[in-house]
Amino acid sequence: MATTQVAAPPGRRVRRRSWKGWQFVAPFMLVFALVFLAPIVYSIYLSLFKNRLVGGNSFVGLDNYQQAIQDSQFWSSFGRVALFLVVQVPIMLFLALLVALALDSGRLYGKSFFRITIFLPYAVPAVVATLLWGFMYGSRFGLVGNINDALHVALPDPLSPHLVLASIGNIVTWEFVGYNMLIFYSALRTVPHSLYESAEIDGAGQFRIITAIKLPAIRGALVIATIFSVIGSFQLFNEPAILKPLAPNAITTFFTPNLYAYSLSFSGQQYNYAATVAIIMGLITMVIAYVVQLRGAREN
């Protein structure tokens, strides 16, 4: 915080605080408090109450949290997104990194075309992308059904209970490979080419350059992309919510924690318990994202 000096008797200095800096950040702090802090505080407040048939909305302390810990549906939804995270995120980041390395190599013809083409799915709204893939997944009136009728085969139903999670993972991967590719490619463009030239003079091949120079140089970008992917996995909502009418037997109301909280709030009118589920998932996501960041910082 800045300070200014004012006139004072000889041999004595008086400092007065200046609030000009706070005046500049006040608009942001106001918006931040209204759209970020206030909803969190209100959600915590809701999670401490329960609407009873007798007595109305009453304070219950941590009872809702105890109920969530014992809720098998909540842990089932959490386990599903955890499996989604463990399988889908590494595949997506690996493909994005592979494409970024190919674009950065300078040996790919039509680099600008491929960069825009791979990034383009990210520009498609999630609702449109899910509806598009949902139509292609359709075994009765969609692309899969048309292939079955045309070739007289029986392809597995992508919207069956055993395959729907993989089908959603395919949609998310298609949507976000280009986004992560752009992060990695931008980081690679900041690496001095003189390092590559020096390594080639020393006899290093392309694989050695990638493992010894490129990957260590973009480790920060890898950590950031991983954190964003972890947060996105635990926030999985749009794709299962939109596909639910197409696969009612495969996607339940507690398919993901966010879908579970949505169903509790808008279908079950259990706003207090929905807020509890949201708070717990926010804490879990924060802890896991922090662990990923801390591990990445240690490796740096």
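Leaving aside its neighbours within four places in sequence, which residues is Ser 167 in contact with? The answer is Tyr 137 and Pro 158. Ser 167 itself sits in helix α7, and it counts as buried because its relative accessibility is 6%, under the 20% cut-off. Please keep in mind as we walk on that this is a predicted model.

From Tyr 137 we can step to Gly 138, which lies in the loop between α5 (126-137) and α6 (143-151). Gly 138 also counts as buried, at 16% relative accessibility. Once residues up to four places away in sequence are set aside, Gly 138 touches Leu 143, Val 144 and Gly 145. Helix α6 is also the place of Asn 148. With a relative accessible area of 13%, Asn 148 is buried. Its contacts, again not counting residues up to four places away in sequence, are Val 153, Ala 154 and Leu 155.

How far from this loop is Phe 36? Between Gly 138 and Phe 36 there are 39 Å in space, C-alpha to C-alpha, and the two are 102 residues apart in sequence. Phe 36 belongs to a nonpolar surface patch of about 740 Å², which it makes together with Leu 30, Val 31, Leu 34, Val 35, Leu 37, Ile 40 and Ile 44. Ile 44 is found in helix α1 (residues 20-47). Is Ile 44 buried, partly exposed or exposed? Its relative accessible area is 38%, so it is partly exposed, falling between the 20% and 50% limits.

Now let us turn to the charged residues. Side chains of opposite charge can pair when their charged atoms come close. How many salt bridges are there in this model? The count comes to two. In one of them Asp 104 pairs with Arg 189, and the closest N and O atoms are 3.8 Å apart. This pair links distant parts of the chain, for Asp 104 is in helix α3 (residues 72-104) and Arg 189 is in helix α7 (residues 164-189), 85 residues apart. Asp 104 counts as buried at 5% relative accessibility, whereas Arg 189 counts as partly exposed at 43%.

Asp 104 also forms a salt bridge with Lys 214, where the closest N and O atoms are 3.2 Å apart. Here too distant parts of the chain are linked: Lys 214 is in helix α9 (residues 206-217), 110 residues from Asp 104 in α3. Lys 214 is buried, with a relative accessible area of 4%. Through their shared partner, the salt bridges join Asp 104, Arg 189 and Lys 214 into one network.

Next comes the nonpolar interior. In soluble globular proteins, nonpolar side chains tend to be buried together. In this model the largest nonpolar core has 37 residues, and those with the most contacts inside it are Phe 184, Phe 234, Tyr 260 and Val 277. The elements giving two or more residues to this core are α2 (63-69), α3, α7, α10, α12 (257-267) and α13 (271-299). Which of them provides the largest share? That is α3, with 12 residues. Phe 184 shows what such a place looks like in detail: not counting residues up to four places away in sequence, it touches Leu 93, Ala 96, Leu 97, Ala 100, Ile 218, Ala 221, Leu 222 and Ala 225. Apart from this core lies another, of 16 residues, among them Leu 165, Val 172, Leu 236 and Phe 255.

Helix α10 (residues 219-234) lets us check the geometry. With 16 residues at 1.5 Å a residue, α10 should span 22 Å, and because its end C-alpha atoms are 23 Å apart, the two values agree. The buried residues of α10 include Ala 221, Val 223, Ala 225, Ile 227 and Phe 234.

Two of these, Val 223 and Ile 227, bring us to our last stop, since they are the contacts of Gln 293 when its neighbours within four places in sequence are left aside. Gln 293 is in helix α13 and counts as partly exposed, at 47% relative accessibility. The C-alpha atoms of Gln 293 and Leu 98 are separated by 22 Å, with their positions 195 residues apart along the chain.

How values were computed
Residues numbered from 1 in each chain as written. Predicted model: local features only at pLDDT ≥ 70, side-chain atom pairs only at ≥ 80, totals over all residues. Heavy atoms only, no water. Patch = residues over 30% accessible without salt bridge, like charges linked within 9 Å, V, L, I, M, F, W, Y side chains within 5 Å. Areas by Shrake-Rupley, 256 points an atom, 1.4 Å probe, with all protein chains shown as cover. Salt bridge = Lys/Arg side-chain N within 4 Å of Asp/Glu carboxyl O. Helix = DSSP H or I, 4+ residues; strand = E, 2+ residues; numbered from the N terminus. Buried < 20%, exposed > 50% of the residue type's maximum accessible area, 1.4 Å probe, protein only. Expected span 1.5 Å × (residues − 1). Core = buried A, V, L, I, M, F, W, Y, C linked by side-chain atoms within 4.5 Å. Contact = heavy atoms within 4.5 Å.
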